[in-house]
Amino acid sequence: MPYGGAVTSPDSRDPIAEAHRQWSARWPGHADQMAAVTSVMRAQQLLLSRIEGVLKPLGLTFAAYEALRLLAFTRSGALPMGKMGVRLMVHPASVTNVIGRLERRGLVERGPSPDDRRVVLAAITPAGRELAEQATEALHEADFGLPGLNAEQAVQITEALRAVRVSAGDL
């Protein structure tokens with residue numbers, strides 16, 4: 001069913017519904033896709049704001065949390081910086097910046113790989129591991145910014161967004 005059909009009434013205050021209505025009048029063949037993209041982008045803004053609000057009291061951004069959690073998941077607690085960028089799906093410069101901030105706080109250490117001195121490893125410290133656990137618990141308590149969704153709805157969202165990722169060539 002098109003976005004505007006069941007969800008919107010003429011007096012709706014939903015700006016995406018209004019944009020869909022306007023698009024439908026001008027470019028009906030593209031209105032649903034425009035509403036989908038706009039909805040995803042707005043949801044991303046809302047969720048990032050909620051997640052950052054949970055992490056801010058711990059002195060973390062979501063990017064810093066992801067880096068700590070990734071390192072904490074590894075058996076050794078360390079990964080090459082390049083591999084971190086691939087796993088976090090970010091530019092290498094972003095990894096360098098995040099790791100630099102975490103290193104200044106004593107949460108991560110950087111050093112050469114014992115196997116290949118050209119490779120720089122990032123390693124989580126005990127303080128970093130402890131903070132990663134605290135942050136994970138805080139995110140669990142906040143339901144990762146999705147307190148109104150049940151598990152089935154979360155799975156549906158994940159599956160729908162996976163289809164978007166596949167169509168965009170992410171997988």
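## Leucine 161 and the surface patch

Leucine 161 has 36% relative accessibility, so it counts as partly exposed (buried is under 20% relative accessible area, exposed is over 50%, partly exposed is in between, with a 1.4 Å probe and protein chains only). Its home is helix H8, where helices (H or I, at least four residues) and strands (E, at least two) are DSSP runs numbered from the N terminus.

This is a predicted model, with local features needing pLDDT of at least 70 and side-chain atom pairs counting only at pLDDT 80 or more, while totals for chains, interfaces and linings use all residues. Numbering runs from 1 along each chain as its sequence is written, and side-chain values use heavy atoms, with hydrogens and water left out.

Leu161 sits in a nonpolar surface patch with Val37, Val40, Met41, Leu149, Ile157 and Val164, and together they offer about 570 Å² of accessible area (Shrake-Rupley, 1.4 Å probe, only the protein chains shown count as cover). Patch residues have over 30% relative accessible area and no salt bridge, and nonpolar side chains (Val, Leu, Ile, Met, Phe, Trp, Tyr) are joined within 5 Å; a salt bridge puts a Lys or Arg side-chain nitrogen within 4 Å of an Asp or Glu carboxyl oxygen. H3 and H8 (151-167) each give the patch at least two residues.

## Leucine 47 on H3

H3 also carries leucine 47, which is partly exposed because its relative accessible area is 29%. Beyond neighbours within four places in sequence, Leu47 is in contact with Gly145 and Leu146 (contact means heavy atoms within 4.5 Å). From Leu47 to alanine 122 it's 75 residues in sequence and 28 Å in space, C-alpha to C-alpha.

## Helix H6

H6 covers residues 92-104, and its 13 residues should span 18 Å at 1.5 Å a residue, which agrees with the 18 Å between its end C-alpha atoms (the expected span is 1.5 Å times one less than the number of residues). Val95, Val98, Ile99, Gly100 and Leu102 are its buried residues, and they pack against helices H4 (62-73) and H5 (81-88) plus strands E2 (108-112) and E3 (120-124). Just past the helix, glycine 106 has a positive phi of about 75 degrees.

## The nonpolar core

The largest nonpolar core has 26 residues, and Leu60, Leu68, Met84, Ile99 and Leu102 touch the most other members. Such a core is a set of buried Ala, Val, Leu, Ile, Met, Phe, Trp, Tyr and Cys residues joined through side-chain atoms within 4.5 Å. H4 gives the largest share of this core, seven residues.

Setting aside residues up to four places away in sequence, Leu102 touches Leu60, Ala64, Ala67, Leu68, Leu107 and Val108.

Definitions and conventions:
Patch = residues over 30% accessible without salt bridge, like charges linked within 9 Å, V, L, I, M, F, W, Y side chains within 5 Å.
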